[in-house]
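User: I should like to learn how to read a sheet and its packed helices in a structure. May we begin with the sheet?

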Amino acid sequence: MATLLRKVFGSVSHRPGSSSRSNSNPQIDRFQQMMYIQISSVGEFDRIPIDIFIQILKILGPKESAKLRAVCKSWKYIVSDNELWMYFLQNQEQPGDSILFAETHLRSGFPLQVFPTQAPDLSFMHIYGQRVQVPGAIIIDGGSGYCKYGWSKYSAPSGRSATFLEFGNIESPMSSRLRHFFSIICSRMQLKTFTQPIIVSIPLRHYDDTEFAKGSRRQLKEAIYSALFDMNVPAVCAINQATLALFAARHTSGIVVNIGFHQTSIVPILNGKIMHKVGVEAIGIGALKLTGFLKEQMQQNNVNFESLYTVRTLKENLCYVALDYKAELSKDTRASFRVPSEGWITLSKERFQTGEILFQPRIAGMQAMALQQAVALCMDHCQDAELTGDNNWYKTVILAGGSACLPGLSERLEKELRGYLPTSMSSGIRVIPPPYGVDSAWFGAKLVSNLSTFTGSWCVTKKQFRHWSRRKQMW
């Protein structure tokens with residue numbers, strides 16, 4: 001190690017800007033009184049400038065850097081620096097800002113507690129060590145149309161299937177359908193059994209705050225736990241899909257607009273919890289309706305496809321949302337896309353008329369609330385509820401779902417909201433497109449499942465679930 005330190009010191013000490021007097025590195029400002037490491041026990045390393053020493057640690061990496069803490073108190077202090085370990089965390093698979101958000105906002109589990117990034121009791125060296133030991137989890141994003149599954153340590157889902165809500169014989173009990181579904185996922189991932197914790201995203205359903213809706217949501221969650229624990233899964237975490245999409249955008253509060261397979265849901269979430277009491281709005285336009293409307297328009301132009309999959313492919317590759325619908329009508333918007341086995345297909349006005357039905361449902365002959373009206377109504381309810389002293393929490397709108405990835409949708413919705421709402425409410429509104437596209441909820445689950453505190457703060461074990469079930473029966 002001494003040889004490597006000498007080599008690195010010799011290579012960087014003569015670089016421009018590497019002077020110990022440089023003010024370009026934030027570490028120097030914090031250690032202004034320690035421009036040189038002044039200790040008598042490390043020989044020629046006594047006078048290593050702090051900025052060069054930090055560069056040496058970065059080159060050595062986390063394991064070797066941690067060993068240097070034993071050299072002396074000064075080195076222990078520097079090596080334990082939070083910014084150094086955030087650098088190491090940023091070199092992992094997930095973006096550094098996502099890791100920072102997760103470890104400072106999500107590590108407590110529910111109820112969420114925000115940890116300031118500079119909190120003296122929050123050691124990122126300790127967090128790094130914990131994250132290395134996290135075994136990883138299997139993520140099953142239930143979806144409303146398609147399910148995405150894979151390992152939390154991977155960069156993306158490894159496979160897709162039909163959602164468990166529509167899996168198997170719909171007349172069969174949910175518990176047996178779930179067991180069959182999870183067995184198929186296990187088989188497709190080439191696992192003999194589930195040995196890792198599993199995080200499941202629960203699709204949006206039963207929106208209101210009635211006792212029936214609460215019971216239905218609770219029933220589905222219990223069925224998921226029961227099915228997985230019957231398969232000897234060590235721990236399970238079940239979180240709502242909208243909440244995970246919010247986490248993926250690095251927020252814990254806001255309104256999630258989820259364009260699902262059958263309908264669009266407008267979900268107010270405060271500190272990670274869905275505000276059913278405020279009200280979840282729903283409009284009967286989803287991805288299936290958008291695809292169907294595009295098919296109808298194409299048929300009017302004598303372009304016919306039996307497969308909705310082909311039409312969906314065209315929607316995903318050619319369609320967009322116009323910022324100004326009337327102005328777009330006068331433009332030449334023709335574009336082509338090559339569909340395998342079908343050849344080149346050209347669309348024109350259909351490209352932006354498809355997404356327009358979200359804002360003008362009457363174009364598709366529908367009697368439904370427009371998207372901007374539903375979001376504005378949700379915001380109005382949030383303001384009236386006065387749930388927190390900060391009334392800006394609901395002004396952040398996160399889009400989720402595959403059809404929410406249509407180019408121009410976020411800009412159009414933001415424009416419509418600013419024109420529809422009074423200035424006092426519209427000021428500060430931001431509409432954020434799906435941060436990870438169609439897989440946003442999956443990546444939200446990835447954030448949670450790679451947390452240093454995942455199994456302790458977010459998961460339910462089989463023992464805990466059985467204990468809770470017995471207590472419930474006693475009631």
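Analyst: The model shown here is predicted. Its open sheet of six strands follows the order β3-β2-β1-β4-β5-β14, and the pairing is mixed. At the edges stand β3 (159-162) and β14, each with a single partner strand, so one side of each has no neighbour in the sheet.

User: What does mixed pairing look like in the individual strands of this sheet?

Analyst: Strands of a sheet pair through backbone hydrogen bonds, and the pairing is either parallel or antiparallel. Here, β4 (residues 198-202) and β5 run parallel and are joined by five bridges. Within this pair, valine 200 stands opposite alanine 238 of β5. By contrast, β5 and β14 (residues 460-461) run antiparallel, with two bridges between them; there, alanine 235 faces threonine 461 of β14. Another antiparallel pair is β1 (residues 138-141) with β2 (residues 146-151), joined by four bridges. Isoleucine 139 has glycine 150 in β2 as its bridge partner.

User: Which helix makes a β-α-β unit with β4 and β5, and what is the handedness of that unit?

Analyst: The helix is α10 (residues 211-230), and the unit that it makes with β4 and β5 is right-handed.

User: Is strand β5 mostly covered or mostly uncovered?

Analyst: Strand β5 (residues 235-240) is mostly covered, since six of its six residues are buried. One may then examine each face separately. On one side lie Ala235, Cys237 and Ile239, and on the other Val236, Ala238 and Asn240; all of these are buried, and both faces are thus covered.

User: Which helices lie across strands of the sheet?

Analyst: Helix α9 (residues 174-188) lies across β1, β2 and β3, and runs at about 155 degrees to β3. Helix α19 (residues 440-449) lies across β1, β2, β4 and β5, at about 150 degrees to β1.

User: How should I describe two helices that pack against each other?

Analyst: Two packed helices are described by the angle between their axes and by the distance between those axes. Helix α12 (residues 287-300) and helix α13 (residues 308-318) pack at about 95 degrees, with their axes 9 Å apart. The two helices are therefore roughly perpendicular to each other.

User: Which residues make the contact between α12 and α13?

Analyst: From α12, the contact includes Leu288, Leu290, Leu294 and Met298. Among the residues contributed by α13 are Leu308, Val311, Arg312 and Leu314. By class, the contact has eight nonpolar, one polar and three charged residues.

How values were computed: Residues are numbered from 1 along each chain as its sequence is written. This is a predicted model: local features need pLDDT of at least 70, side-chain atom pairs count only at pLDDT 80 or more; totals for chains, interfaces and linings use all residues. Side-chain values use heavy atoms; hydrogens and water are left out. Buried means under 20% relative accessible area, exposed over 50%, partly exposed in between (1.4 Å probe, protein chains only). Two strands pair if DSSP finds at least two bridges between them. A crossover is right-handed if, with the strands pointing away from the viewer, the path from the first strand over the helix to the second runs clockwise. Contact means heavy atoms within 4.5 Å. Axes are lines fitted to C-alpha atoms, for helices over the stretch in contact, and angles run from 0 to 180 degrees between N-to-C directions. Angles under 35 degrees count as roughly parallel, over 145 as roughly antiparallel, 65 to 115 as roughly perpendicular and the rest as oblique. Ala, Val, Leu, Ile, Met, Phe, Trp, Tyr, Cys and Pro count as nonpolar, Asp, Glu, Lys and Arg as charged, and the others, Gly among them, as polar.
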